[in-house]
Amino acid sequence: MDRRRFTLSAAGAASVALGPSLLTQAMAQAPAGRRVVLGMTLEPSGLDPTTNAASAVGEVVLYNVLEPLTKVAEDGTAQPLLASQWRATPDQLTWTFTLRPDVRFHNGEPFNAAAVRFSFERAAAENSLNKDRRTFANISAISTPDPLTVVLTLRQPEPDLPALLAQSTAVIVEPRSAAGNAQTPVGTGPYRVERWQRGASLTLMAWSGYRDAAAIKVPQVVCRFIGEPAAQVASLLAGDVDCFPRVAAARALSQFKAQPQRFQVLTSSSRAKTILAINHQRAPLGDVRVRRAIAMALDRKAIIQASADGYGVPIGSYVTPDTPGYVDCTGINAYNPAAARQLLEEAKAVGLSLTLKLPPVPYARQSGELIVAQLAQVGLKVRIEQVEWAQWLSGVYTNKAYDLTVISHVEPYDFGNFSRAGYYWGYQSPQFNALYQRMQSSADPAQRLKLFGEAQRLVAQDAVAAFLYQPQWITVARAGLKGVWKRSPLFANDLSTLSW
């Protein structure tokens with residue numbers, strides 16, 4: 001039986017028996033201690049965020065199963081988590097973290113400075129698959145004067161270190177079990193993975209050995225993977241899903257807003273950047289004229305409407321407007337089809353045939369046809385190829401087998417990817433590398449922001465990608481569910497805040 005149809009039928013029967021007002025009141029409320037069903041667009045391919053680049057991994061495990069030293073709060077600031085406090089020297093090269101006492105991993109092993117050292121050295125290793133390896137490679141020495149103290153000595157100043165260490169790539173792993181974290185992650189968090197039904201759902205159970213177990217009000221969380229926007233909306237309306245962060249429900253919001261007794265609707269900004277990524281290693285896409293032409297052929301406002309139903313803010317570089325040091329670069333490579341065609345003619349690229357690989361996320365699939373049509377207007381022939389998420393990760397991200405792709409980079413501190421050798425877009429710029437190095441080497445906040453602005457402009461002028469928009473996330477949840485994040489500083493679902 002189709003469970004969605006059954007639930008809708010049951011709801012209909014209840015409305016006859018109870019009346020509309022009693023039905024909505026019953027569906028909005030839930031008893032204390034009840035489980036929460038959380039909707040997610042993508043299913044992770046594994047559960048170790050230190051070896052898997054997919055943001056969906058962090059959506060499940062970050063702060064819930066696996067914990068870092070610090071935690072990004074709803075307002076975007078770094079707060080204590082496994083570290084109770086920290087301090088830095090004035091030159092920001094030496095950071096001392098005091099660890100929380102009496103913390104254990106799910107397998108009973110103690111959390112201590114040795115585990116932190118193991119985790120960071122593992123992340124920095126030459127063979128590391130950690131997408132933020134740069135953060136850990138910047139650590140020149142790790143000392144552990146006692147079990148609850150970790151001292152990090154950096155090669156370059158990093159004022160954002162507490163926030164960087166709050167991301168999923170910085171979770172602390174238990175040394176003996178680390179190799180198995182992709183399937184059975186062992187952490188210090190309030191939840192443990194109980195069951196993973198591939199292609200359908202993943203169940204987390206509250207861990208009785210958690211250091212503050214009494215504070216966890218939801219005993220079980222079921223993550224359901226629902227990719228299609230229509231199915232996401234139906235699952236919420238049917239009551240099959242209690243909360244759907246970053247839901248693709250913009251076209252159906254009126255249905256939810258019209259029922260405040262049943263639903264709460266939250267809209268928040270993000271630090272995500274949705275881009276049309278360009279493979280510089282595929283001729284003639286290494287020609288800046290061709291890349292600029294691609295960027296100038298795209299009407300960002302129209303793409304925001306098609307891709308995100310209007311819930312987005314145009315960007316001209318790889319930084320969002322609410323980021324400290326943001327510089328408005330939307331005037332660089334602004335929408336100008338005539339100028340785009342002229343650039344293509346200069347580069348002898350009119351009539352160029354390209355492929356556009358679209359991952360299964362709604363924003364990519366919904367924008368593809370419009371992007372193809374806009375590029376066609378300037379003389380580019382683009383063929384859409386729809387791929388599944390695993391194919392995108394292996395083919396596009398790992399093997400760079402693509403021309404163009406639409407993707408949203410959700411990490412708040414990933415600007416350094418432009419100086420990352422071998423990154424999937426293939427950008428190689430000694431000028432950018434030198435500028436970024438100067439920025440990273442400066443401990444003066446004003447100087448860093450100045451250089452950051454220059455770097456944003458350079459990335460835009462080089463048209464590293466066609467920078468499209470900053471998404472505005474929509475969350476729909478039951479009216480009775482408390483603790484739902486009203487702001488989304490990073491891609492995570494902090495389940496410890498939830499209660500009925």
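In the predicted model, the hairpin of β4 and β5 has five residues between its strands, and one residue of this hairpin, Q92, takes a positive phi near 60°. The two strands of the hairpin run antiparallel and are joined by five bridges. Within this pairing, W86 has F97 of β5 as its bridge partner.

The hairpin belongs to an open sheet of four strands, arranged in the order β4-β5-β7-β6 with antiparallel pairing. Its edge strands are β4 (83–88) and β6 (139–146), each of which pairs on one side only. On average, neighbouring strands of the sheet are turned by 20° against each other, direction ignored. Strands of a sheet pair through backbone hydrogen bonds, in either a parallel or an antiparallel sense.

Next to β4 in the strand order comes β5, followed by β7. Strand β5 covers residues 94–99 and strand β7 covers residues 149–154; the two pair in the antiparallel sense over five bridges. Two positions illustrate this pairing. T98 has T149 of β7 as its bridge partner, and W95 stands opposite L152, also in β7. A helix is packed against part of this sheet: α4, residues 113–124, lies across β5, β6 and β7. With respect to β6, helix α4 runs at about 170°.

Two loop residues were examined individually. The first to be described, D212, is placed in the loop between β9 (201–206) and β10 (220–225). The relative accessible area of D212 is 41%, so this residue is classed as partly exposed, a class that spans the range between under 20% and over 50%. D212 is 109 residues away from V103 in sequence, while the C-alpha atoms of D212 and V103 are 9.9 Å apart in space.

The other residue, R271, is located in the loop between β12 (263–268) and β13 (273–278). R271 is buried and has no salt bridge. The nearest side chain of opposite charge is that of D322, at 4.6 Å from R271, whereas a salt bridge requires a separation within 4 Å. The side chain of R271 does make a polar contact of 3.0 Å with the side chain of T323. With residues up to four places away in sequence not counted, the residues touched by R271 include T320, D322, T323 and P324. Also among them are H409, V410, E411, P412 and Y413, together with S488 and P489. D322 is thus in contact with R271 without forming a salt bridge to it.

Notes: Residues are numbered from 1 along each chain as its sequence is written. This is a predicted model: local features need pLDDT of at least 70, side-chain atom pairs count only at pLDDT 80 or more; totals for chains, interfaces and linings use all residues. Side-chain values use heavy atoms; hydrogens and water are left out. Buried means under 20% relative accessible area, exposed over 50%, partly exposed in between (1.4 Å probe, protein chains only). Two strands pair if DSSP finds at least two bridges between them. Axes are lines fitted to C-alpha atoms, for helices over the stretch in contact, and angles run from 0 to 180 degrees between N-to-C directions. Contact means heavy atoms within 4.5 Å. Lys and Arg count as positive and Asp and Glu as negative; His and the chain ends are not counted. A polar contact is a pair of N or O atoms within 3.5 Å; within protein, one must be able to donate a hydrogen and the other to accept it, and residues adjacent in sequence count only if both atoms are side-chain atoms.
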